[in-house]
Amino acid sequence: MSDESQKGCPEWSDMLHGLVDGELDSIHSTQFEAHLAGCASCSAALERVTALREVIGEAGVKWRMPEEVRSRVLGSLSLENAANPPELVVPEDGIWAQIFTFIRQWSLVPSLAALAASVFLFVNLPRGVDIEDQIVASHVHSLLADHLADVPTSDRHTVKPWFNGKVDFSPPVVDLAAQGFPLIGGRVDYIGGRVVAALVYRLRGHVINLFIWPGAATAQGSAEREGYHISEWSNGGLVFWAISDASAEDLAVFRKNFTAQAGLAPEKERP
């Protein structure tokens, strides 16, 4: 047995676990497999780790932390929190500053302060901000996960009936290829606590996600968030949110063409 085998090859330990977990790329996998061919110590270690992984993966296998270890962990956390209590950073302006000021004024009556804070949060926080965050998150997730469409096709006659039974309304589906916005497909998403329809269009190298769900008329508007342009409008009892990294002007053109081709009522231009 070589000196390297006798030492247990500590420099190969991380790579061994990476191989078992399937985290090595092809180059490092080849290197480690070549090492295994001449190292009895690492070969035995690989067998032990593989066997342990199989036992842990068996159905019904549960591992309980020893009480001594649990007590030590909880004790360490308590000491850490006592030594470094979290600081409450109060903003100087904006909606959160108003919240903290409001709570301070009621601090002499704890129960009323808690009630007032709850009411203030749920009644006065702007709903649009939360929805915009969710719109951006869903758009980015669709790009990162490479999952733009559940039904990837430019045929609107395939996309529209695909939504039957998946959403509780019938979203208008149009192909805008002639206007420079070809349809990529459609999918379902989750926005504002409900399942919504998402139509996906492309403008040159830009992706446009159009989220649709039933809703009352909303204030038409546009915004920019984290480098993405967002356009919101309502028409025909439906709410529309379009988002893309295309320019605001391009998104406005998309919105105008979609409204026209979907047979919706023409929108009044905003100043």
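**Sheet, cores and local features of the predicted chain**

Ser 244 touches His 139, His 206, Val 207, Ile 208, Tyr 228, His 229 and Leu 251, when residues up to four places away in sequence are not counted, a contact being heavy atoms within 4.5 Å. The model is predicted, so that local features need pLDDT of at least 70 and side-chain atom pairs count only at pLDDT 80 or more, whereas totals for chains, interfaces and linings use all residues. Residues are numbered from 1 along each chain as its sequence is written, and side-chain values use heavy atoms, with hydrogens and water left out.

Ser 244 is placed in strand 6, where helices (H or I, at least four residues) and strands (E, at least two) are DSSP runs numbered from the N terminus. With a relative accessible area of 0%, Ser 244 is buried; buried means under 20% relative accessible area, exposed over 50%, and partly exposed in between, with a 1.4 Å probe and protein chains only. The side chain of Ser 244 also reaches the backbone nitrogen of Ala 246 at 3.0 Å, a polar contact being a pair of N or O atoms within 3.5 Å in which, within protein, one must be able to donate a hydrogen and the other to accept it, and residues adjacent in sequence count only if both atoms are side-chain atoms.

The protein chain holds ten helices and six strands, and 32% of its 271 residues count as buried. Of the contacts in the protein chain with a separation of 6 or more, 53% are accounted for by residues 24 or more positions apart.

The six strands form an open sheet in the order 1-2-3-6-5-4, with antiparallel pairing, two strands being paired if DSSP finds at least two bridges between them. Strand 1 (183-191) and strand 4 are the edge strands, each pairing on one side only. On average, neighbouring strands of this sheet are turned by 25° against each other, direction ignored; axes are lines fitted to C-alpha atoms, for helices over the stretch in contact, and angles run from 0 to 180 degrees between N-to-C directions. Helix 10 (residues 248-261) packs on the sheet and touches strand 2, strand 3 (206-214), strand 4, strand 5 and strand 6 (238-244), its direction making about 25° with that of strand 5. Strand 1 and strand 2 (residues 194-203) run antiparallel and are joined by eight bridges, with Asp 189 having Val 196 in strand 2 as its bridge partner. At the other edge, strand 4 (residues 221-225) pairs with strand 5 (residues 228-235) in the antiparallel sense over five bridges, and Ala 223 stands opposite Ile 230 in strand 5.

Most residues other than glycine have a negative phi. In the hairpin of strand 4 and strand 5, which has two residues between the strands, Glu 226 nevertheless takes a positive phi near 55°, and this residue is exposed, with a relative accessible area of 64%. Arg 204, in the loop between strand 2 and strand 3, likewise has a positive phi, near 50°, and is exposed with a relative accessible area of 59%.

The largest nonpolar core has 39 residues, of which Leu 199, Tyr 201, Leu 210, Phe 211, Trp 213, Phe 254 and Phe 258 touch the most other members; such a core is a set of buried Ala, Val, Leu, Ile, Met, Phe, Trp, Tyr and Cys residues joined through side-chain atoms within 4.5 Å. The elements giving two or more residues to this core are helix 8 (127-144), strand 1, strand 2, strand 3, strand 5, strand 6 and helix 10. Apart from the largest core lies another, of eleven residues, among them Leu 16, Val 20, Ala 45 and Leu 46. In helix 2 (residues 13-20), the buried residues are Met 15, Leu 16, Gly 18 and Val 20, and the helix is followed by Gly 22, whose phi is positive, near 70°.

Ser 43 lies in helix 4 (residues 40-56) and counts as partly exposed at 24% relative accessibility. A polar atom of the Ser 43 side chain is 3.1 Å from the backbone oxygen of Leu 36. Cys 39 counts as buried at 2% relative accessibility, and Cys 42, in no disulfide, has the sulfur of Cys 39 as its nearest cysteine sulfur, 3.7 Å away. The structure holds zero disulfides, a disulfide being a pair of cysteine sulfur atoms within 2.5 Å.
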